[in-house]
Protein chains: 4
Amino acid sequence: MYSFRNDYSEGAHPKVLQALTDTNLEQTVGYGTDPRCEAVRVLIRRLCQAPDADIHFLVGGTQTNLLAIASLLRPHEAVIAAHTGHVNVHETGSIEATGHKVCTAFSPDGKLTPELVESVVSGHGGEHMVLPRLVYISDTTEIGTIYTKAELQALRACCDKHGLFLFLDGARLGCALTAPGNDLTLPDLAVLTDAFYIGGTKNGLLFGEALVMNTPNPYFRWHMKQRGAMLAKGRLLGVQFQALLEDGLYFDIARHANEMALRLRDGVTALGYPFPVPSPSNQQFPVLPNRVVDALREKGYEFETDHAVDVDHTCVRFVTSWATPESAVDTFLKDLADCQ
Amino acid sequence: MYSFRNDYSEGAHPKVLQALTDTNLEQTVGYGTDPRCEAVRVLIRRLCQAPDADIHFLVGGTQTNLLAIASLLRPHEAVIAAHTGHVNVHETGSIEATGHKVCTAFSPDGKLTPELVESVVSGHGGEHMVLPRLVYISDTTEIGTIYTKAELQALRACCDKHGLFLFLDGARLGCALTAPGNDLTLPDLAVLTDAFYIGGTKNGLLFGEALVMNTPNPYFRWHMKQRGAMLAKGRLLGVQFQALLEDGLYFDIARHANEMALRLRDGVTALGYPFPVPSPSNQQFPVLPNRVVDALREKGYEFETDHAVDVDHTCVRFVTSWATPESAVDTFLKDLADCQ
Amino acid sequence: MYSFRNDYSEGAHPKVLQALTDTNLEQTVGYGTDPRCEAVRVLIRRLCQAPDADIHFLVGGTQTNLLAIASLLRPHEAVIAAHTGHVNVHETGSIEATGHKVCTAFSPDGKLTPELVESVVSGHGGEHMVLPRLVYISDTTEIGTIYTKAELQALRACCDKHGLFLFLDGARLGCALTAPGNDLTLPDLAVLTDAFYIGGTKNGLLFGEALVMNTPNPYFRWHMKQRGAMLAKGRLLGVQFQALLEDGLYFDIARHANEMALRLRDGVTALGYPFPVPSPSNQQFPVLPNRVVDALREKGYEFETDHAVDVDHTCVRFVTSWATPESAVDTFLKDLADCQ
Amino acid sequence: MYSFRNDYSEGAHPKVLQALTDTNLEQTVGYGTDPRCEAVRVLIRRLCQAPDADIHFLVGGTQTNLLAIASLLRPHEAVIAAHTGHVNVHETGSIEATGHKVCTAFSPDGKLTPELVESVVSGHGGEHMVLPRLVYISDTTEIGTIYTKAELQALRACCDKHGLFLFLDGARLGCALTAPGNDLTLPDLAVLTDAFYIGGTKNGLLFGEALVMNTPNPYFRWHMKQRGAMLAKGRLLGVQFQALLEDGLYFDIARHANEMALRLRDGVTALGYPFPVPSPSNQQFPVLPNRVVDALREKGYEFETDHAVDVDHTCVRFVTSWATPESAVDTFLKDLADCQ
């Protein structure tokens with residue numbers, strides 16, 4: 001038995017926890033203005049080759065999404081997202097709660113294209129409709145797919161053409177940037193997006209997202225405080241991200257998560273189960289017979305149901321993380337074989 | 001040199017950090033629905049003798065304040081607060097950002113009384129004005145004072161008379177409940193308020209506030225998620241609060257903070273400096289000559305300026321915490337004496 | 001030449017204007033609390049056979065929609081609308097600006113059915129998603145179609161089953177209730193909806209909508225004032241609605257608008273142009289060759305483009321009103337024939 | 001008997017009503033984009049000597065205030081107002097409902113000064129507090145006082161120094177600009193404020209305010225629509241303002257209102273009743289013995305109570321308008337004398 005339910009089912013990577021322990025009784029000023037946060041800001045700017053980027057540390061993904069988006073938009077402006085976009089479906093209307101409409105485009109693979117963006121833009125015009133102003137994408141997407149550099153460049157060009165901000169939700173950015181087929185880098189993201197974040201909660205931290213703001217947004221800290229998103233002991237975010245980023249641990253453990261996911265995918269495929277949307281990253285969505293789903297759950301495996309395919313089959317989601325041991329995958333595959 | 005700037009200048013009590021380390025690789029479901037959070041909810045209900053209370057764990061104080069308040073109010077309803085109230089002054093308009101006005105009453109000691117509440121209520125009426133609906137107080141207050149049981153009972157009666165919710169900001173509740181002169185208990189708060197919180201960030205945790213909701217608020221978790229306030233690894237909050245609450249550590253360390261503050265107060269008083277508003281808790285506000293203030297800062301002491309008293313004198317704030325060693329206070333007093 | 005652009009292209013029915021003139025110098029209290037507004041409230045309750053309904057007078061449709069909806073919902077609750085719903089498309093995100101998501105269902109004829117409503121409801125659940133809570137429909141719909149009593153009863157049953165409010169946008173209610181095929185009455189609407197409004201702006205008034213609230217909403221006037229929707233000289237709304245409703249003028253002139261629309265439809269049909277979605281009311285949507293569209297505009301006719309059908313054809317909209325003379329329709333049809 | 005309750009107790013000036021009647025069946029496009037609105041925009045720009053000003057027509061004062069303010073501010077920014085400011089007291093938290101805090105300064109005469117503005121500005125700083133960004137004043141103020149040109153210039157200089165917008169609520173602007181002691185003109189206001197409005201509802205119109213925006217605000221019409229503030233038959237506002245402004249009627253009738261108020265004031269003064277705050281405009285606030293107040297009401301006079309002065313005396317408000325006949329004032333004074 002093992003939980004493949006999510007990539008935040010466990011705590012932090014031991015190195016991160018050790019860093020928190022080592023610095024526990026250092027006295028620092030609060031709210032992310034301490035030397036450790038400053039040091040990681042320098043580090044992130046260097047990793048992104050973005051000396052002018054503003055770096056803000058936040059606690060979670062929904063918080064980061066709503067702050068980045070609401071701080072960039074005026075009241076009449078709207079978001080463009082894939083219909084599966086996390087902000088559209090799974091954040092309890094957090095964007096609308098800040099006053100902004102989310103306009104959606106149907107996208108089977110969870111990715112936006114210039115054509116999809118333009119289909120929304122061209123359907124709007126004049127003061128009786130909202131003004132689409134920001135494109136929300138995620139990498140990896142909610143269904144595990146990733147953007148290539150060419151795709152992101154095309155989106156950037158589309159955004160420039162239509163005066164749109166481009167915001168990339170990087171809750172699973174580590175897995176995106178280490179997935180087979182990826183050719184994007186942090187410096188690419190700093191050039192191609194107006195803002196993106198390096199997700200820590202789902203890749204080795206207790207909690208934390210590092211927002212990289214590539215467009216001027218001088219009062220962002222006012223927004224953070226106003227939304228209750230400024231951590232008193234802000235240092236905790238700096239310490240954690242330093243442990244993760246200073247020597248590449250972030251990418252190493254994300255690569256591991258992907259490897260475990262692909263090992264799982266290959267094993268499931270070998271047993272004859274299909275994956276309708278191929279994913280190269282740490283979320284895998286096979287279609288299983290319902291009786292197999294039930295049998296796995298009886299064995300104690302935890303995972304989420306994505307959607308019913310037909311009366312006998314369900315598309316489920318398996319998520320691996322930096323903490324998933326190879327043995328857990330292998331045992332699972334054996335148990336899956338037994339369920340057939 | 002020592003920082004008396006705030007009570008969140010350091011990390012967590014070692015026992016709390018140990019608990020996080022011990023449970024780090026437990027796999028649990030997210031968002032505060034895990035067994036550890038559930039166990040602490042049971043514990044808190046028991047400590048409060050409030051079997052029907054809803055317990056929610058949040059990351060920080062501003063977040064908790066805005067969520068508790070906004071989730072209880074309808075759009076036309078307003079908050080009553082002391083003019084010094086944290087939600088009125090130091091949260092960047094977080095309540096207004098949820099759509100609600102904060103109506104203030106001038107209170108030299110930071111506390112609200114039935115008379116002050118009624119002065120606001122009686123000044124409102126009819127649909128051209130907001131409807132005051134919730135009284136916001138804090139214990140300890142922003143200037144270190146505390147409520148007695150009789151005072152809180154009187155406020156409760158006033159709220160009942162006027163159909164008002166009573167919400168108590170407990171960011172420094174530990175210090176309030178262990179201060180000399182306090183006669184309030186957790187069970188009292190559960191009876192006398194509609195909601196209050198047990199502040200952890202300022203008393204031993206890395207972060208965390210435990211909101212005790214004594215009035216029905218069935219969709220509070222929807223509000224949490226919508227405002228970006230639902231921690232993915234919610235377990236972290238349960239684990240920390242368990243370490244703090246299971247054997248009374250919360251009160252022990254708060255008492256220590258108060259003792260250090262009163263030691264500091266007595267020493268400063270002995271040197272002839274006045275404290276215009278007496279505080280029995282871990283924030284102390286003496287008036288010092290500006291040259292003494294400067295001299296202390298040159299020695300490396302950190303603390304905040306509260307306000308200028310006249311051209312030569314400043315009211316400053318010294319804050320102690322669970323982590324303040326007696327030696328730090330004694331050294332400070334010696335250094336202060338040297339500054340005279 | 002004539003403008004078929006909209007049903008608010010002209011002023012008020014002469015009887016309405018006369019009533020405003022006759023009462024112009026009467027001194028009354030403001031904000032809709034005057035005797036004339038009160039008299040019309042009594043009249044509307046009688047017409048609706050709804051002695052307990054609350055009647056509120058508002059200036060325009062978007063204002064009425066956003067107030068009715070926002071006053072009924074809690075922050076986490078959402079609206080269900082057809083994808084063509086006016087609140088979803090043509091009100092500049094007014095609902096989202098009050099904090100609420102609009103969830104849409106695709107509906108070719110602009111109407112919602114229990115099946116469509118349930119497709120949205122069943123796709124939501126738990127605190128990570130908004131809670132659908134109010135069904136928004138319009139009668140006539142944005143594309144001229146109307147609800148039957150059976151259809152509305154079925155929606156009501158669906159709403160009851162799922163705990164949903166049912167709100168009916170009646171901007172063109174006069175035309176709906178007098179269209180061929182209609183079997184709904186004002187008393188039906190008072191029973192079957194939680195709120196609906198009797199649209200005046202598009203049917204004989206200078207401006208004005210009468211909201212009939214069939215569910216408790218005691219602080220609605222606070223909401224009105226807060227949103228800037230309480231007319232100082234509220235009497236103007238009472239006077240106008242009295243002129244319109246006291247002797248059935250409202251229905252007489254709506255019937256006229258429909259008759260003009262159907263006369264136009266029949267004439268256009270006779271010339272061989274199709275109407276993909278049949279409409280029995282005062283909005284007609286034929287598909288015309290682009291060169292005919294251009295020729296009509298050259299002749300000075302005004303009307304809106306709905307959407308491009310193919311490179312050579314456009315679906316356009318013709319709207320008639322209480323003020324449309326039969327001769328304008330006949331001349332138009334002659335001119336259209338000339339354009340062939 | 002007569003109602004001195006408010007300056008919107010009656011309808012429109014007969015010339016305005018005639019203009020509405022004369023143009024009633026003209027077909028025009030909606031939403032304020034018609035030729036009549038355009039013509040009045042040209043006229044207003046000429047009257048203000050402000051060729052670049054944007055002119056927007058709105059229905060009422062609260063609507064205009066909230067739109068002008070919310071469209072200029074970012075979420076963390078706040079308003080500075082006198083404690084008596086209409087937006088602070090009598091608009092049901094409409095500004096807060098758009099997310100912005102109203103910071104107040106105590107002002108006995110209802111006016112703001114640079115000193116008062118700076119007392120608020122200097123009390124704010126850093127991301128834990130809102131950022132004051134817009135100064136709200138009204139002319140005449142809520143208590144009838146007016147600004148001089150020197151006072152407004154000083155406020156403008158203060159606003160420039162601190163990066164603040166200056167917004168002037170002109171609900172009673174006609175009476176301000178025609179009051180004894182006034183030396184301000186429309187061109188002055190166009191130079192000295194970022195936005196102001198020419199109030200029509202309280203000076204001769206059925207309804208309507210003409211907002212003059214002197215600072216770029218390109219998406220204001222989006223805001224209007226989103227808040228439900230865009231009148232479908234926008235032409236009604238253009239027609240009314242044209243009748244009022246084309247030949248100076250606006251100022252003539254405002255001057256009349258003032259004259260009636262001063263006649264009333266002089267008569268009341270002659271009877272020995274004091275006016276604690278002198279007002280040169282159409283609102284007068286004498287202090288009367290309660291038995292006189294009661295006696296006047298028994299005679300059928302209507303007016304509002306401002307506040308209780310002591311157990312025996314009340315400060316009341318008498319408001320005159322363009323429609324107040326001299327005879328009504330004289331009869332009132334005679335009746336008042338009888339009440340002594």
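**Notebook: the chain A sheet and two interfaces of chain D**

I began with the sheet in chain A, which is open, has seven strands with mixed pairing, and runs in the order S1-S7-S6-S5-S4-S2-S3. I then looked for its edges and found strand S1 (54-58) and strand S3 (102-105) of chain A, each of which pairs on one side only. For the twist, I noted an average of 25° from one strand to the next. A reminder to myself: this is a predicted model.

Next I followed one edge inward. Strand S2 of chain A, residues 77-82, pairs with S3(A) in the parallel sense, and I counted four bridges there. Within that stretch I found Ala81(A) opposite Thr104(A) of S3(A).

I also checked what packs on the sheet. Helix H7 of chain A (residues 149-162) does, touching strand S4 (131-138) and strand S5 (165-169) of chain A. I noted about 145° between the direction of H7 and that of S5(A).

Then I turned to the interfaces, beginning with chains C and D. Here 42 residues of chain C are in contact with 42 residues of chain D. I looked up which helices of chain C supply at least two residues each to its side, and they include helix H1 (14-22), helix H3 (61-72), helix H5 (94-97) and helix H10 (220-226). By class, I have 17 nonpolar, 19 polar and six charged residues on that side of chain C.

Last came chains A and D, with 13 residues of chain A in contact with 13 residues of chain D. On the chain A side, helix H10 (residues 220-226) gives the largest share, five residues. I sorted that side by class too: five nonpolar, four polar and four charged residues.

Note on methods:
Residues are numbered from 1 along each chain as its sequence is written. Chains are lettered from A and ligands numbered from 1 in the order in which they are written. This is a predicted model: local features need pLDDT of at least 70, side-chain atom pairs count only at pLDDT 80 or more; totals for chains, interfaces and linings use all residues. Two strands pair if DSSP finds at least two bridges between them. Axes are lines fitted to C-alpha atoms, for helices over the stretch in contact, and angles run from 0 to 180 degrees between N-to-C directions. Two residues are in contact if their C-beta atoms, placed from the backbone, lie within 7 Å. Ala, Val, Leu, Ile, Met, Phe, Trp, Tyr, Cys and Pro count as nonpolar, Asp, Glu, Lys and Arg as charged, and the others, Gly among them, as polar.
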